[in-house]
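Let's walk through this protein together, starting with the whole chain and then moving to its strands and one of its loops. Have the sequence and the 3D view ready.

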Amino acid sequence: MSEPYVHINTEKGIATIEFFHPAHNSLPGDLLAKLANTITDAGNNDDVKVIILKSGGDRTFCAGASFTELININDAETGKVFFSGFAKVINAMRKCPKFIIGRIQGKTVGGGVGVASATDYCMATKFAAIKLSELNVGIGPFVVGPAVERKLGLSGMSQIAIDANSFYEAEWAKQKGLYNQVYDSVEELDEAVQKFAENLCNYNPEAMKEMKKVFWSGTEDWDELLAERAIISGRLVLSDFTKETLKRFE
């Protein structure tokens, strides 16, 4: 069984950040913290002009939060810390002065949809269906909601948040604005992502930095907003309903 990791490789101005976990690329707290820090460091590195964010393996981009950790939450403070993990990643992506290209090779669930939504330009395969499954376990997509709503709009985000059992196809996500391009294979996706990143390296870094500020205008309160949302999720995960539901996954 492969070990979880967050790797970064920088070549010719392109920083490729890759995360992996053997449980369908689900993200426990330590991996989320490392991912957030790696994104921040890449953003502060003058040798980096653009960032590619990807996950290991060829099937699932990200299965969301770690259920192993979720099941073991027994107090509100631990719950807040747990749900703050994705908040830190999303905020790191938001504040990063470099464009982040999302490379979504397969299905993405829950927090993974939030990560994809926080990229600045998102490219996927036709296999990259999305699902916000949080309501299934008695909570809701509170922390990732603002990022998802920013891309899908309130209507699209509400639809997949309420219809928590259903995967929505990559083409639907493209029509709603989450994915910018959808490809038939991982090979085609990788070729397109690399070519797109190389092209961005030809542009003025200062212009891209200022453009990113404009694109994320109106999200300046997200440090506080996502922390407040993490408290809501941390409280709900302690509810009898959620505890009973989570027993099915033990």
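What follows begins with the overall build and ends with two loop residues.

A word on the ground rules: this is a predicted model, in which local features need pLDDT of at least 70, side-chain atom pairs count only at pLDDT 80 or more, and totals for chains, interfaces and linings use all residues. Residues are numbered from 1 along each chain as its sequence is written, and side-chain values use heavy atoms, with hydrogens and water left out.

The protein has 10 helices and nine strands. Both kinds of element are DSSP runs numbered from the N terminus, with helices being H or I over at least four residues and strands E over at least two. Along the principal axes, the C-alpha atoms fill a box of roughly 55 × 40 × 35 Å. The radius of gyration is 17 Å, which agrees with the value near 18 Å for a compact globule of 250 residues. That radius is taken over C-alpha atoms, and the globule rule is 2.2 Å times the number of residues to the power 0.38.

How much of the protein is buried? Buried residues make up 53% of the 250, where buried means under 20% relative accessible area, exposed over 50%, and partly exposed in between (1.4 Å probe, protein chains only). Among contacts with a separation of 6 or more, 74% come from residues 24 or more positions apart; a contact here means heavy atoms within 4.5 Å. The protein exposes about 11800 Å², with carbon and sulfur atoms supplying 51% of it; these areas come from the Shrake-Rupley method with a 1.4 Å probe, and for residues only the protein chains shown count as cover.

Now to the strands, where two strands pair if DSSP finds at least two bridges between them. Start at β2 (residues 14-20), which runs parallel to β3 (residues 50-55) and is joined to it by six bridges. In this pairing T16 stands opposite I52. β3 in turn runs parallel to β5 (residues 99-104) through four bridges, and here I52 stands opposite I101. From β5 the path continues to β7 (residues 121-125), again in the parallel sense over four bridges, with G102 opposite C122.

In a regular strand the side chains alternate between the two faces of the sheet. On β3, V50, I52 and K54 lie on one side and I51, L53 and S55 on the other, and all are buried. β5 is likewise covered on both faces: F99, I101 and R103 are buried on one side, and I100, G102 and I104 on the other.

A three-stranded open sheet has the order β4-β6-β8 with parallel pairing. Its edge strands, β4 (60-62) and β8 (130-131), each pair on one side only. Two bridges link β4 with β6 (residues 107-109), and C62 stands opposite T108.

Finally, look at the loop between β2 and α1 (29-44), where you will find H24 and also N25. Neither is a glycine, yet H24 has a positive phi of about 55° and N25 has one of about 60°. Are these two residues buried or exposed? H24 is exposed, with a relative accessible area of 56%, whereas N25 counts as buried at 2%.
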